[in-house]
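Trainee: Please take me through this model one feature at a time, giving the general idea before the particular case.

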Amino acid sequence: MRRDTVTVPSGWHVVLRFEADNPGLWALHCHIAWHMEGGMFVSFLERPDDLKALVRDIPPATKSLAERFCASRQ
């Protein structure tokens with residue numbers, strides 16, 4: 001399947017245009033691990049102030065659950 005993909009020939013470039021309307025930290029990358037390790041990965045931070053508000057205003061029960069989940073992964 002070739003959905004939401006762009007093949008970039010060697011020495012070429014691609015210009016992407018998209019509507020950035022969803023707060024968060026979003027990854028744009030190749031799905032080949034060694035490509036990501038080689039620096040072919042970029043993150044987009046969209047609407048950082050809205051993201052801060054979402055994190056600040058998270059319900060206590062959800063925050064507690066998330067903290068327990070993250071702690072269990074360490």
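Trainee: Is Phe 44 buried, exposed or partly exposed, and what is its relative accessible area?

Mentor: The general idea is a scale in three classes: buried means under 20% relative accessible area, exposed means over 50%, and partly exposed is in between, with a 1.4 Å probe and protein chains only. On that scale Phe 44 is partly exposed, its relative accessible area being 28%. Bear in mind that this is a predicted model, in which local features need pLDDT of at least 70 and side-chain atom pairs count only at pLDDT 80 or more, whereas totals for chains, interfaces and linings use all residues. Residues are numbered from 1 along each chain as its sequence is written, and side-chain values use heavy atoms, with hydrogens and water left out.

Trainee: How many aromatic pairs does the structure hold, and how should I read such a pair?

Mentor: A pair of aromatic rings is described by the distance of the centres and the angle of the planes. Rings of Phe, Tyr and Trp (for Trp, its six-membered ring) pair if their centres lie within 6.5 Å, and planes under 30 degrees apart count as stacked, those over 60 as edge-to-face and the rest as tilted. The structure holds 1 aromatic pair. This pair is formed by Phe 18 and Phe 44, with 5.4 Å from centre to centre and 75 degrees between the planes, and is edge-to-face. It links distant parts of the chain, since Phe 18 lies in the segment before strand E1 (24–29) and Phe 44 in strand E2 (residues 41–46), 26 residues apart. Phe 18, too, counts as partly exposed, at 46% relative accessibility.

Trainee: Which elements make up the protein, and in what order do they run?

Mentor: Helices (H or I, at least four residues) and strands (E, at least two) are DSSP runs, numbered from the N terminus. Here there are 3 helices and 2 strands, and from the N terminus on they run β-α-β-α-α.

Trainee: How many salt bridges does a search of the whole structure find?

Mentor: The criterion is a side-chain nitrogen of Lys or Arg within 4 Å of a carboxyl oxygen of Asp or Glu. The search finds 2 of them. One joins Arg 47 to Asp 50, with the closest N and O atoms 2.6 Å apart; Arg 47 is partly exposed at 36%, and Asp 50 is partly exposed at 33%. In the other, Asp 57 is bridged to Arg 56, the closest N and O atoms being 3.2 Å apart; Asp 57 is exposed at 52%, as is Arg 56 at 60%.

Trainee: Which side chain of opposite charge is nearest to Glu 46, and how far away is it?

Mentor: For charge, Lys and Arg count as positive and Asp and Glu as negative, while His and the chain ends are not counted. Glu 46, which lies in strand E2, is buried yet has no salt bridge, and the nearest side chain of opposite charge is Arg 47, 7.6 Å away. Contact means heavy atoms within 4.5 Å, and, not counting residues up to four places away in sequence, Glu 46 touches Phe 18, Ala 20, Asn 22, Pro 23, Gly 24 and Trp 26.

Trainee: What is the phi of Arg 47, and how should I read its sign?

Mentor: Most residues other than glycine have a negative phi. In Arg 47, however, phi is near 50 degrees, a positive value in a residue other than glycine, and this residue is found in the loop between E2 and helix H2 (48–56).

Trainee: Which residues does Leu 51 touch?

Mentor: Leu 51 has its place in helix H2 and counts as partly exposed at 25% relative accessibility. Not counting residues up to four places away in sequence, Leu 51 touches Pro 23, Gly 24, Leu 25 and Leu 45. Between Leu 51 and Ala 27, which are 24 residues apart in sequence, the C-alpha to C-alpha distance is 15 Å.

Trainee: What radius of gyration does the protein have?

Mentor: The radius of gyration is taken over C-alpha atoms, and the globule rule is 2.2 Å times the number of residues to the power 0.38. A compact globule of 74 residues would have a radius near 11 Å, but the protein has 17 Å. Its C-alpha trace spans about 50 × 30 × 25 Å along the principal axes, and 5% of the 74 residues count as buried.
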